[in-house]
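Dear colleague,

I am passing on to you the structure we spoke about, and below it you will find an account of what was found. Please keep the structure open beside this message while you read.

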Amino acid sequence: MDKFTNSAWFMRIVAFALAALLFISINFEMESDKKSLGLSTAPEISTETIENVPVEVYYDRENLVVSGVPETVDVTLKGAKSLLINAKNQRDFKVYVDLSDPAISMGDRTVTFKISELNEKLVATIDPEYAEVNVQERVTKEFSVEAEYNSSLLEEGYTAGQPTVSPKTVKITGAKDAIEQISYVKANLEISKGLNETVNSKATVKALDRDLNKLDVTIEPSSVAVSLKVSIPSKTVSIAPKQTGKAKDGIRITSISVDPKEVTLFGSETSLEKIDEINLPVNISKIDGDTELELDLNKPESVQKMSLGKAQVKIRTEKVDVDEENAEPVVEEEEPETEQKQEEQVVEEKPEAEEEDEAAAIESKTFNNIQIVPVGIRDDQDAELETDVTSITLLGEADDLKKITKDDINLTVDVSNLDEGTHDVDLAVTVPEGVEWELDSKTVSVTITQKDEET
């Protein structure tokens, strides 16, 4: 045995066995390391679906319009799992439709989606695979804009004029057949219920076909400025003092006057037509002598509002003997007097000095909603007033004021020397001779703009 273990062959066999064990051990560890590092020679194959991948469209955008291409598609990738994870996270590939051929024909076409910049070791499937698209000539045309609003949202009694837009026209670009379908170009003004004042706002412009369906076109500008003037009808009526109650013994009421003599009512036209005066009850039962009172005016239910809430009442009296006062009915039984004669008697009993004072007294009369007319507008300009109506108060003798109507008053504003922009301009007032006037504001804001050139 010792002879065998000491032989050369024994040593060779042991060395070979150790070398074989070492080789097997090293290869086993290398395979394990490769798997842990993803370097296996047989990688794991997997699939991954990436949803909502944007689609790019290549075509002549200056001359063509393409419709029908979906905005996104779903892409399913197949390949090594490590590559799939990277592609999903980075999304560094593109899905596109190529319609850049200059010789492309107009009309409906079926096109295939393509993918680029994808790792060549991955296989892609696009869903959907095809798209039905329409290629049309690109057309730009100018259209007038019509503003609209919901009139039912106006507060009761209020009315609105025709809305105005600026600019008045827009340029619409789109496929030729879409442009030919345009029947209306609308700017809808958004207002809230209970509108009772003028509105100046922006409104989005929409192009609609004859069935009021919105068309897929590009509008420039996409919104316009809309102005809607809201007002309420008005009517000026007289204030009629009405005597109530019975005067105290020894007191006779000689006259009752009211200041101002008129009030302006605001409401619907049908409501105002039925009202000719506002009655003002005056209770004389507690009057001891000449008196001035401030009394509330009663607003009719059908009226939205009044220019005044109170009025000053002057009561003139005289003292009489009780016997004389009691004897009057006997005289009236023997010789009844008409209402006109009674009024004449009252006038005759007034002191001469009082008559002179009343004749010389200055009274006032207010006119509302007087139109302001711009004059001197140049042919190449437009003039827009901040407000085109105002109120004016005339001062003069009562007899003169009674004869004056709205038609006798002229308010103008001279815009002949104004440049483009907004200006405060003095109002020019023309009234009948013998009366003076007062305005809440002697100027009005005027905006001058250049007229759009016709195309």
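**One sheet, strand by strand**

Strand 18 and strand 21, which covers residues 277–283, run parallel to each other and are paired over seven bridges. Within this pairing, I239 has I278 of strand 21 as its bridge partner. Before going further, please keep in mind that this is a predicted model.

On pairing in general, it helps to know that the strands of a sheet are held to one another through backbone hydrogen bonds, in either a parallel or an antiparallel arrangement. Both arrangements occur here, since strand 18 (residues 234–244) also pairs with strand 20 (residues 262–266), this time in the antiparallel sense and over five bridges. In strand 20, the residue that stands opposite V237 is V263. Strand 20 in turn pairs with strand 23, again in the antiparallel sense, over two bridges, and here L265 has M306 of strand 23 as its bridge partner.

Taken together, these four strands make an open sheet in the order 21-18-20-23, with mixed pairing. Strand 21 and strand 23 (305–306) are the edge strands, each of them pairing on one side only.

**The protein as a whole**

With that sheet in mind, you may like to step back to the whole chain. The protein has 455 residues, of which 30% count as buried, and it contains nine helices and 32 strands. Its accessible surface comes to about 30,200 Å², and carbon and sulfur atoms account for 47% of that area. If you consider the contacts in the protein with a separation of 6 or more, 70% of them are between residues 24 or more positions apart.

**A nonpolar patch on the surface**

What forms the nonpolar patch on the surface? The patch is made of V14, L18 and L21, which together have about 290 Å² of accessible area. Of these, L18 is found in helix 2, which spans residues 8–36, and L18 counts as exposed because its relative accessibility is 55% and the cut-off for exposed is over 50%.

**Salt bridges**

A search of the whole structure finds 11 salt bridges, and I describe some of them here.

In one of them, the side chains of E48 and K88 meet with a distance of 3.1 Å from N to O. Because E48 lies in strand 1 (residues 45–58) and K88 in helix 3 (residues 81–90), this pair ties together parts that are 40 residues apart in sequence. Both residues count as partly exposed, E48 at 27% relative accessibility and K88 at 39%.

Another salt bridge joins K229 and D388, with 3.7 Å between the closest N and O atoms. K229 is in the loop between strand 16 (223–228) and strand 17 (230–231), while D388 is in the loop between strand 26 (381–385) and strand 27 (389–396), so this pair ties together parts that are 159 residues apart in sequence. K229 is partly exposed, with a relative accessible area of 34%, and D388 is partly exposed as well, with 26%.

A further salt bridge brings us back to the sheet described above, for the side chains of K235 and D276 meet at 3.5 Å, N to O. K235 lies in strand 18 and D276 in the loop between helix 5 (269–273) and strand 21, so the parts that this pair ties together are 41 residues apart in sequence. Here K235 is partly exposed, with a relative accessible area of 24%, whereas D276 counts as exposed at 59% relative accessibility. Elsewhere, E146, E148 and K186 are joined into one network by salt bridges that share partners.

**A closer look at K186**

Is K186 buried or exposed? K186 counts as buried, because its relative accessibility is 13% and the cut-off for buried is under 20%. This lysine is placed in strand 13, residues 184–188. Its side chain is joined to that of E146 by a polar contact of 3.1 Å. If the neighbours within four places in sequence are left aside, K186 is in contact with V145, E146, E148, T204, V205, K206 and L208, and you will recognise E146 and E148 as its partners in the network.

With best wishes

Note on methods. Residues numbered from 1 in each chain as written. Predicted model: local features only at pLDDT ≥ 70, side-chain atom pairs only at ≥ 80, totals over all residues. Heavy atoms only, no water. Pairing = 2+ DSSP bridges. Buried < 20%, exposed > 50% of the residue type's maximum accessible area, 1.4 Å probe, protein only. Contact = heavy atoms within 4.5 Å. Areas by Shrake-Rupley, 256 points an atom, 1.4 Å probe, with all protein chains shown as cover. Patch = residues over 30% accessible without salt bridge, like charges linked within 9 Å, V, L, I, M, F, W, Y side chains within 5 Å. Salt bridge = Lys/Arg side-chain N within 4 Å of Asp/Glu carboxyl O. Polar contact = N/O pair within 3.5 Å; in protein donor to acceptor, adjacent residues only side chain to side chain.
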